[in-house]
Amino acid sequence: MTTRWGLTVPLTGVPLPAHREIIERLPDLGYTDVWSAETAGTDAFTPLVLASQWAPTLRLGTAVVPVYTRGPGLLAMSAATLAECAPGRFVLGIDASSPVVVGNWNAAEFTQPYARVRDTLRFLRSALAGEKVSAEYPTFSVSKFRLERPPNPPPPIMLAALRPGMLRLAATEADGAITNWLSPEDVRTVRAEVSAGTELAARIFVCPTEDADAARGLGRLLISSYLTVPVYRAFHEWLGRGDALEPMQRAWAAGDRKQANAAIPDEVVDELIAHGSPQACRERLHSYVDNGLTTPVIALLPTGGDPVEQVEALAPR
């Protein structure tokens, strides 16, 4: 059984200030971590700053912060601020994100994603250690940057990683890898690319309802939205799911989203979305750990039920 049990915050439909009561209770329920996300909702840092004061034993992680949407110095400052609020309890997760988030929504140029993540990781290592950084990295340059308030200790840095190249970078230069959209069996494929001692975290989509049709319907909407993105399409082709998802890809490319959803087999939804009773969902989460996952992070999908009650029901104890 895993010693870590994470939750994605904020919860859908719950105002950010209203999270205080449930976050204060998470350690007693058996949760060890809270992890934020950053796409078009809250930023990644603010929910964790609040959580750092509401529950002073939880580990806090960003999963993940894009390396293009903040300048290198600002990213270091944001990380240092949260690390100061939660000394020794913060993990900085970074990633390349996607052309939509970076280019369409944030007016930045999405080029050389692997190299930009690598260079940002190397810059952050130096900056968060309090060093003055003047360097010409292949994808950007920094001149005479030094944090005024370097954190003590510097936070670990993890990389979002889906395929062998980024997974190996996470294992050799970072402090772990963060992944998502995979089945328990897929964890073995991912784990084979990183050493046994490397932390491997994954956001797992959990839909605690015994209405299988409703869970699969919601799962299909998410799968067609995510797995048609080129990086995720390549990830699932590498995992061996390319043929099963090809009809969805063709329909999506033709602009027929309804058909794209209908083309996703039940078996694929059931592999990628944990659904059923809370007990069944907990057992599914543990199966990820049995296959090599270090840190399962629940991403609670809306079912119409009370999300706070569902967080309680999904607790490991």
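A residue is called buried when its relative accessible area is under 20%, exposed when over 50%, and partly exposed in between (1.4 Å probe, protein chains only). Strands (E, at least two residues) and helices (H or I, at least four residues) are DSSP runs, numbered from the N terminus. The model is predicted: local features need pLDDT of at least 70, side-chain atom pairs count only at pLDDT 80 or more, and totals for chains, interfaces and linings use all residues. Residues are numbered from 1 along each chain as its sequence is written, and side-chain values use heavy atoms, with hydrogens and water left out.

**Strand β12 and its partners**

Strand β12 (residues 295–300) is largely enclosed by the rest of the structure, because 6 of its 6 residues are buried. T295, V297 and A299 point one way from β12, while P296, I298 and L300 point the other way. Two strands pair if DSSP finds at least two bridges between them. The table lists pairs of strands.

| Strands | Sense | Bridges | Opposite residues |
|---|---|---|---|
| β1 (residues 6–9) and β12 | parallel | 2 bridges | G6 and V297 |
| β10 (residues 199–207) and β12 | parallel | 6 bridges | F205 and A299 |
| β6 (residues 133–136) and β7 (residues 141–145) | antiparallel | 3 bridges | A135 and V142 |

In addition, β6 and β7 form a hairpin with 4 residues between them.

**Helices α5 and α6**

Two packed helices are described by the angle between their axes and the distance between the axes. The axes of α5 (residues 113–128) and α6 (residues 164–173) come within 11 Å and cross at roughly 10 degrees. The two helices are therefore roughly parallel, a term for angles under 35 degrees. Axes are lines fitted to C-alpha atoms, for helices over the stretch in contact, and angles run from 0 to 180 degrees between N-to-C directions. Contact means heavy atoms within 4.5 Å. In α5, the residues that meet α6 include Y114, L121 and R125, and those of α6 include M166 and L169.

**Backbone features in loops**

Most residues other than glycine have a negative phi, and most peptide bonds are trans. A cis peptide bond joins V9 and P10, with omega about 0 degrees, and P10 lies in the loop between β1 and α1 (20–29). Another cis bond joins N152 and P153, with omega about 5 degrees; P153 belongs to the loop between β7 and β8 (157–160). W181, not a glycine, has a positive phi of about 55 degrees. W181 is found in the loop between β9 (176–180) and α7 (184–191), and counts as buried because its relative accessibility is 1%.

Key: Parallel < 35°, antiparallel > 145°, perpendicular 65-115°, else oblique.
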